Amino acid sequence: MKGRFVLLGRWPGWVLVLLAVLSAGGLGWLMWSRRAEAAPKLRGWRGGVVWGLESVLIALVLLLLWEPAMTVAELSSQQNIIAVLVDDSRSMGIADSGGDGRQTREASAVKALQDGVLAGLQKRFQTRVYRLDAKAMQAKDLGEIRADGAATHISDGLKQLAAETSDLPVGAVVLLTDGAENSEGGVGRETMNALRNRRWPVHTVGFGKERAAHDVEVDDVSVASRAMADSRMVATVRFHQRGYAGGKATLVVRDAGKPMLSREVTLAPDGAMQTETLFFHAGSAGAKSFEFGLMPLAGEENVKNNAVTRPVTVSDEKRRILYVEGEPRWEYKFIRRAEDDDKTVQVVSMLRTTENKIYRQGINDPKELESGFPVRPEDLFQYQGIIIGSVEAGYFTPSQQELLREFVDRRGGGVLFLGGRFSLADGGWGGSSVAELLPTSLPAGRSTFHRDPATAELTTSGGDSPVTRLVDDPLKNVERWKKLTYMMDYQEAGTPKAGATVLADLKVGQRKLPLLITQSYGRGRTALMATSGTWRWQMSEALGDTAHDLFWQQLLRWVVGDTPGRVVAGSSAETLTDDGRIRLTASVRGQDFLPAADAKVEAHVIGPQGLSTTVEMVPAGDVPGNFVADWTAEKSGAYLAEITAEGTGPLKDLGRDVVSFQRTDGVAENFHTEQNREMLEKLSAETGGRYWRPEDLSRLPREISYSEAGVSVRDTKELWNMPVVFLLLVGLVVTEWLLRRKWGVV
């Protein structure tokens with residue numbers, strides 16, 4: 001019974017407490033003062049027991065004099081509505097309920113209502129039955145419930161019900177469901193506030209297994225939403241299983257149904273989250289939808305939760321790298337040769353042949369780099385990456401050094417520093433104004449470049465990086481690096497900075513030194529390769545070995561892959577589940593890559609069934625140059641939004657970018673199909689209701705009456721004349737007497 005404890009006596013409650021304390025204290029003082037006259041057996045702990053029993057007896061008698069009672073709010077008969085919500089989504093069609101475990105959850109819910117629960121409610125209240133999937137809809141009878149809803153939005157349904165019945169005396173809510181809430185975050189704060197404002201107790205009834213016996217489920221996949229054509233991509237797949245611990249399963253990556261990669265994995269213990277990293281190739285340019293999943297296992301109860309899809313935009317846009325080299329050397333030649341076959345990366349180089357002469361390669365225009373390293377942002381910012389070879393810091397003027405820093409910080413470009421006679425500490429870079437760009441703190445002295453052999457070895461971080469992945473299998477990749485030909489030189493790179501990542505080490509005798517170090521800086525990234533001898537990998541390996549070229553292609557793609565354009569498009573979600581609402585975002589910068597707050601920005605969206613529409617984007621109030629647009633994808637399918645920006649200055653066309661997303665309806669019902677008892681218990685507890693098991697529902701019509709919602713009356717039930725109180729008084733007296741008799745002091 002739910003109610004509030006009250007005292008009906010005329011005297012205030014604090015007087016009762018005071019008298020009880022004084023009585024216990026006085027009794028204790030009396031017993032202590034006469035302890036010398038008491039029987040020996042009552043002078044120790046036994047005396048404390050007697051004092052405790054007599055104090056409780058006195059306090060209970062005093063309490064009865066204050067006339068204790070309970071006030072209970074109870075719904076008035078036939079003046080209130082009980083809202084019965086039955087989950088009508090597809091997950092309720094799973095057959096794992098009932099006594100034999102072969103009845104659907106929906107059938108079990110309907111049967112529970114038909115077996116007297118609904119009739120018991122109707123005897124005392126008006127009842128309304130609702131179907132609940134993506135929204136709540138009133139049903140004429142239980143026959144309308146068919147478990148065919150594409151989604152479950154419990155939070156939205158309860159909030160909708162509270163709004164639509166604001167003028168009706170709803171006394172309580174009964175929710176029959178498996179708790180498979182498809183909305184992010186479960187029951188939201190707005191819904192809980194709406195329920196509390198109406199004082200609705202929500203009684204939840206859970207259906208379905210709380211733990212699957214045999215199932216494998218993919219929980220999430222993390223993969224970049226953009227990629228360069230023919231590049232190696234990395235995906236992190238998280239999943240769990242029950243019933244197959246220690247067994248084998250096959251992870252698969254598919255592109256438009258075509259298998260691209262498969263790998264066997266050993267399954268973790270039941271219920272444990274397992275994470276696997278997959279490397280695969282992005283393929284040709286286009287808007288793609290990659291599927292990541294596990295092949296079905298024998299006896300699996302639900303195979304629809306074995307895979308998820310993720311949209312990825314693959315671009316073949318040419319990325320340009322400016323390579324500045326201070327002396328002719330083999331490393332320069334072999335790096336350029338490695339990029340010859342890469343159609344998406346163009347290396348534009350300026351090689352210093354004499355003190356005042358440079359040799360240019362890969363230029364698009366005769367005037368490009370005619371005067372040497374750029375001095376204006378618009379000239380340098382046309383590149384996505386920069387390589388600094390064996391060239392001293394003093395080769396660049398202070399303004400060029402600052403421009404180099406701005407290239408990374410403001411432009412968002414990537415810079416790679418190479419080892420060499422005139423580079424790093426030997427080139428004075430540690431004391432330059434751009435030392436902060438380096439991912440290490442360089443040694444203080446010179447003579448850090450050594451003409452001695454050294455071998456390469458991957459670190460733990462390097463084993464997980466797509467930059468250093470020469471072989472798809474992780475263990476074989478580590479061994480492949482150990483077998484690479486030794487390099488005939490190395491450079492002391494110094495101490496990695498906080499936040500930097502060491503992907504590979506140098507082994508020089510018994511010493512280990514950092515070889516390849518990366519870090520993020522501002523909007524961009526920097527890396528350091530502490531050698532000029534990787535060309536030996538190509539010269540000394542077997543004919544046709546691709547290790548050298550593959551490594552440099554992957555490293556240079558890392559340098560330029562995330563370099564943003566003037567327009568960077570984004571979205572609030574890549575996959576929309578049963579809800580088409582999405583926020584498109586754009587970051588727009590001018591020719592100098594400063595925020596273009598006054599730009600005109602539009603999003604042209606194309607989608608399924610020939611959809612084509614243009615949406616105007618408006619400035620986001622918090623950050624200059626950021627624009628947003630809220631839009632709704634009405635139909636299920638794949639979408640592509642091209643965002644364009646026009647400036648007001650000399651450069652009218654600031655650029656364009658694309659973002660892809662997809663709406664999938666009904667798919668979420670295949671995941672997390674186990675009964676979410678934790679959420680149901682929390683919902684009922686926070687609203688004053690109760691979680692029920694189907695077999696206990698016969699008591700629901702009686703207990704649901706106690707509610708302060710709707711039309712209710714308060715009844716006062718006196719406690720002082722209850723038989724249990726008399727029995728308690730007698731029990732205290734008898735207990736003390738029996739103890740005294742046992743101790744021989746009666």
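Let's start with a strand. β38 provides 5 residues to the lining of the second largest pocket, and that is the largest share. Keep in mind that this is a predicted model.

Staying with that pocket: how big is the volume of the second largest pocket? About 1300 Å³. Its lining has 40 residues. Nearest the centre are Arg-226, Arg-319, Gly-561, Asp-562 and Thr-563. Several elements each put at least two residues into this lining. Among them are β11, at 226–228, and α12, at 547–561. β31, at 567–571, is on that list too. So much for position; now chemistry. The lining of the second largest pocket splits into 15 nonpolar, 12 polar and 13 charged residues.

Next, the largest pocket. The volume here is about 1800 Å³. There are 50 lining residues. Which of them sit closest to the centre? Glu-181, Asn-182, Ser-183, Glu-184 and His-672.

Which element gives the most to this lining? α13, with 6 residues. That helix covers 677–687. Other elements that each supply at least two residues to the largest pocket include α4 at 154–164, β10 at 215–223 and β32 at 575–577. By class, the lining of the largest pocket has 20 charged residues, 16 polar and 14 nonpolar.

Now look at what the two pockets share. β12, β17 and β38 each supply at least two residues to the lining of the largest pocket. β12, β17 and β38 also each supply at least two to the second largest. On the structure, you can find β12 at 232–242, β17 at 307–315 and β38 at 653–664.

Let's step back to the whole chain. How many helices and strands are there? The protein has 15 helices and 40 strands.

Overall dimensions next. Along the principal axes, the C-alpha atoms fill a box of roughly 115 × 80 × 55 Å. The radius of gyration is 37 Å. For a compact globule of 746 residues, you would expect a value near 27 Å.

What about burial? 50% of the 746 residues count as buried. The accessible surface comes to about 35100 Å². Carbon and sulfur atoms account for 52% of that surface.

Last item, contacts. Take the contacts between residues at least 6 apart in sequence. Of these, 73% join residues at least 24 apart.

To recap: two pockets, of about 1800 Å³ and about 1300 Å³. α13 gives the most to the lining of the largest, and β38 has the largest share in the second largest. Over to you for questions.

Definitions and conventions:
Residues are numbered from 1 along each chain as its sequence is written. This is a predicted model: local features need pLDDT of at least 70, side-chain atom pairs count only at pLDDT 80 or more; totals for chains, interfaces and linings use all residues. Side-chain values use heavy atoms; hydrogens and water are left out. On a 1 Å grid over the protein atoms alone, a cavity is a set of points where a 1.4 Å probe fits but cannot get out, and a pocket is an open set with protein on both sides within 12 Å along at least five of seven lines; lining residues have an atom within 4 Å of a point. Grid points are joined across faces, edges and corners, and a volume is the space filled by probe spheres set on the points. Helices (H or I, at least four residues) and strands (E, at least two) are DSSP runs, numbered from the N terminus. Ala, Val, Leu, Ile, Met, Phe, Trp, Tyr, Cys and Pro count as nonpolar, Asp, Glu, Lys and Arg as charged, and the others, Gly among them, as polar. The radius of gyration is taken over C-alpha atoms; the globule rule is 2.2 Å times the number of residues to the power 0.38. Buried means under 20% relative accessible area, exposed over 50%, partly exposed in between (1.4 Å probe, protein chains only). Contact means heavy atoms within 4.5 Å. Accessible areas come from the Shrake-Rupley method with a 1.4 Å probe; for residues, only the protein chains shown count as cover.
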